[in-house]
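Hi,

Here is the structure I promised to pass on to you. Have a look at it first, and then read on for my notes on what turned up.

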Amino acid sequence: MKLLTKFNLILLGIFGAGGLLISLAANSFLIGNARREVLDEARLMMASATSVRDYTSSDLSPLLEQNPRHRVRFLAETVPAYGATTTFKKPAREVSRLHL
């Protein structure tokens, strides 16, 4: 085998190993970055739902309980979780409608 062929094979092995190491490092970085983004988005969504729930229980519920219909009929809006889940579901419908 000629010296040039040996040199090319060695370089090919070095570049192949380097490419493999770089791809493993990039994959690890991208997976970690995606995981952080998903967790940040989940924290934001939970904080939003919590703030809506707190607003409903502290500000909206007392006003709705003063409504005369509240004595005759159950108003779902007086339940803090109802407001949070309704608000949480609404953007999903709007986003899915935009992508159609």
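Let me start at the beginning of the chain: Met1 sits in the segment that comes before helix 1. Please keep in mind that this is a predicted model. With a relative accessible area of 70%, Met1 is exposed, because anything over 50% falls in that class. Met1 also belongs to a nonpolar surface patch, together with Leu9 and Leu12, and the three have about 370 Å² of accessible area together.

Now for the chain as a whole. The protein chain contains three helices and zero strands, and reading along the sequence gives the pattern α-α-α. What box do the C-alpha atoms fill along the principal axes? The box is roughly 95 × 30 × 15 Å. The radius of gyration tells a similar story: the protein chain has 29 Å, whereas a compact globule of 100 residues would have a value near 13 Å.

The surface numbers may interest you too. Of the 100 residues in the protein chain, 9% are buried. The accessible surface of the protein chain is about 8500 Å², and carbon and sulfur atoms account for 68% of that.

On to the charges. The protein chain carries 13 positive and 8 negative charges, and the mean positions of the two sets lie 12 Å apart. As you know, side chains of opposite charge can pair when their charged atoms come close. How many salt bridges does a search of the whole structure find? It finds two.

One of these salt bridges joins Arg43 to Asp40, with 3.0 Å between the closest N and O atoms. That distance counts as a salt bridge because the cut-off is within 4 Å. Both Arg43 and Asp40 belong to helix 1, which covers residues 3-65, and they are three residues apart, about one turn of the helix. Is Arg43 buried or exposed? Arg43 counts as exposed, since its relative accessibility is 53%. Asp40 has a relative accessible area of 47%, so Asp40 is partly exposed.

In the other salt bridge, Asp54 pairs with Arg53, and the closest N and O atoms are 3.7 Å apart. Asp54 is partly exposed at a relative accessible area of 37%, and Arg53 is also partly exposed, at 39%.

Finally, here are two C-alpha distances that you can check on the model yourself. Ala25 lies in helix 1 and counts as partly exposed, because its relative accessibility is 46%. How far apart in space are Ala25 and Val72, C-alpha to C-alpha? They are separated by 64 Å, with their positions 47 residues apart in sequence. Ser57 is in helix 1 as well, and Ser57 is partly exposed with a relative accessible area of 37%. From the C-alpha atom of Ser57 to that of Arg71 the separation is 18 Å, and these two residues are 14 residues apart along the chain.

To recap the main points: three helices and zero strands, a radius of gyration of 29 Å, 9% of residues buried, and two salt bridges in the whole structure.

Happy to go through any of this with you whenever it suits.

Best wishes

Note on methods. Residues are numbered from 1 along each chain as its sequence is written. This is a predicted model: local features need pLDDT of at least 70, side-chain atom pairs count only at pLDDT 80 or more; totals for chains, interfaces and linings use all residues. Side-chain values use heavy atoms; hydrogens and water are left out. Helices (H or I, at least four residues) and strands (E, at least two) are DSSP runs, numbered from the N terminus. The radius of gyration is taken over C-alpha atoms; the globule rule is 2.2 Å times the number of residues to the power 0.38. Buried means under 20% relative accessible area, exposed over 50%, partly exposed in between (1.4 Å probe, protein chains only). Accessible areas come from the Shrake-Rupley method with a 1.4 Å probe; for residues, only the protein chains shown count as cover. Lys and Arg count as positive and Asp and Glu as negative; His and the chain ends are not counted. The place of a charge is taken as NZ of Lys, CZ of Arg, CG of Asp or CD of Glu. A salt bridge is a side-chain nitrogen of Lys or Arg within 4 Å of a carboxyl oxygen of Asp or Glu. Patches are made of residues with over 30% relative accessible area and no salt bridge: like charges are joined within 9 Å, nonpolar side chains (Val, Leu, Ile, Met, Phe, Trp, Tyr) within 5 Å.
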